[in-house]
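Q: Could you take me on a close look at the strand pairing in one part of this model? I'd like to see which strands sit side by side and how they are matched up.

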Amino acid sequence: MKIKYSILFAALILALSSCAQSKFSALEQQQVSMEDPMLFEKSDAFTIDFTSGSDKDYCFPLPVGKAKMGKDYNVEIETRKGDAVKAMFAGVVRLSRNNPPFGNVIVVRHGNGLETVYGNNAENLVKSGDRVKAGQTIAIVGTNKGRTYCEFAMMVNGSRVNPEIFFSLESHRLRKQVVLFQKTNSWKVDVSVLKTPLPEEETARQWWCYPLPGAKVISPYGGRGGRQHTGTDLKTKANDNIFAAFDGEVVFSAKYAGYGNLIRIKHPNGLETYYSHNSKNMVKVGDYVKAGQVIALTGRTGRATTEHLHFETRVNGKYVNSDKYFDHVNHTIRLGAFKKTKDGYVIR
């Protein structure tokens, strides 16, 4: 198959009339897996550029849920009863009905060529033809056999594709990359990544970052040995990269009593974060850092028995359990603790 370079690297070569489509045939409104008759009308290949765009252009279906891959590229996202299911991208609802074995299911056709499927809903809140925005509530999550979860899938031209190509199951983040879609001799579609930035570049584009990816909690916030443990101890390995949790200004970077090498960052969102026991601080007072920027390496300086990160969050100088802002098991942000403003996210 010969494909011109201009086709390979266009952000989106198709105008995709499906983006404007608001009416669907009876079959399109009943069948989950369905070819898009206009998707490959002008070419047998197209690309989507995920390296640009803003946070408002993408939303994980259940931001506080725990995702795992199931069979046939189905992703089960477990959460709490009554949680809202969100649209991943802007688009038009193609299907909204009870459709065994998905139960109440919604299929959204997006202008970028993808379709997303949201199943096992307790209640669908949109109907076929409705236009939705990324992050808009489209359903209430359902419960089946004692488990509350959304059954999520992604399709191109009716063909299931691996969702992990597009986002991380662990962090829920959209991967910043250019993706090529090529139609084969059948109705199926081959998917490949054309461009992937460095991990630091990907992380730095987010408004938040988990401070020590891959870490486990070895000592939580709260009482410990008859005294208050003011932070959460996170462990991976010695001299591992420590990342700034949010954008902000470094207001302290030096040795400080039992903290050892300590960094304090003051953030516009109302928080101040502490990173201590570092083997090496890599920023200085006055530096303005971005979320995801490497600021230190893990160590055991100060009062510490093993190499780890002691991570604290404070508000107006008073320590607050960082569990309020981060899910330390899944390494995700707790969006409910923040509110969106025109200037970004601030604590509630």
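A: Happy to! Two strands count as paired here if DSSP finds at least two bridges between them. Please keep in mind that this is a predicted model.

Let's start with the open sheet. Its 3 strands follow the order β18-β24-β22, with antiparallel pairing. β18 (241–243) and β22 (280–281) are the edge strands, each pairing on one side only. Between β18 and β24 (residues 294–297), which run antiparallel, there are 3 bridges. One residue pair to look for here is Phe-243, which stands opposite Val-294 in β24. As general background, strands of a sheet pair through backbone hydrogen bonds, either parallel or antiparallel.

Now move along the chain to β19, which covers residues 248–255. With β20 (residues 261–266), β19 pairs in the antiparallel sense over 6 bridges. Within this pairing, Phe-252 has Arg-264 in β20 as its bridge partner. The two strands, β19 and β20, form a hairpin with 5 residues between them. A nice detail to check in the turn is Ala-257, which has a positive phi of about 45 degrees.

β19 also pairs with β23 (residues 288–289), again in the antiparallel sense, and this pairing has 2 bridges. There, Glu-249 has Tyr-288 in β23 as its bridge partner.

So that you can trace it by eye, here is a short route: follow β18 to β24 through Phe-243 and Val-294, then β19 to β20 through Phe-252 and Arg-264, and finally β19 to β23 through Glu-249 and Tyr-288.

How values were computed:
Residues numbered from 1 in each chain as written. Predicted model: local features only at pLDDT ≥ 70, side-chain atom pairs only at ≥ 80, totals over all residues. Heavy atoms only, no water. Helix = DSSP H or I, 4+ residues; strand = E, 2+ residues; numbered from the N terminus.
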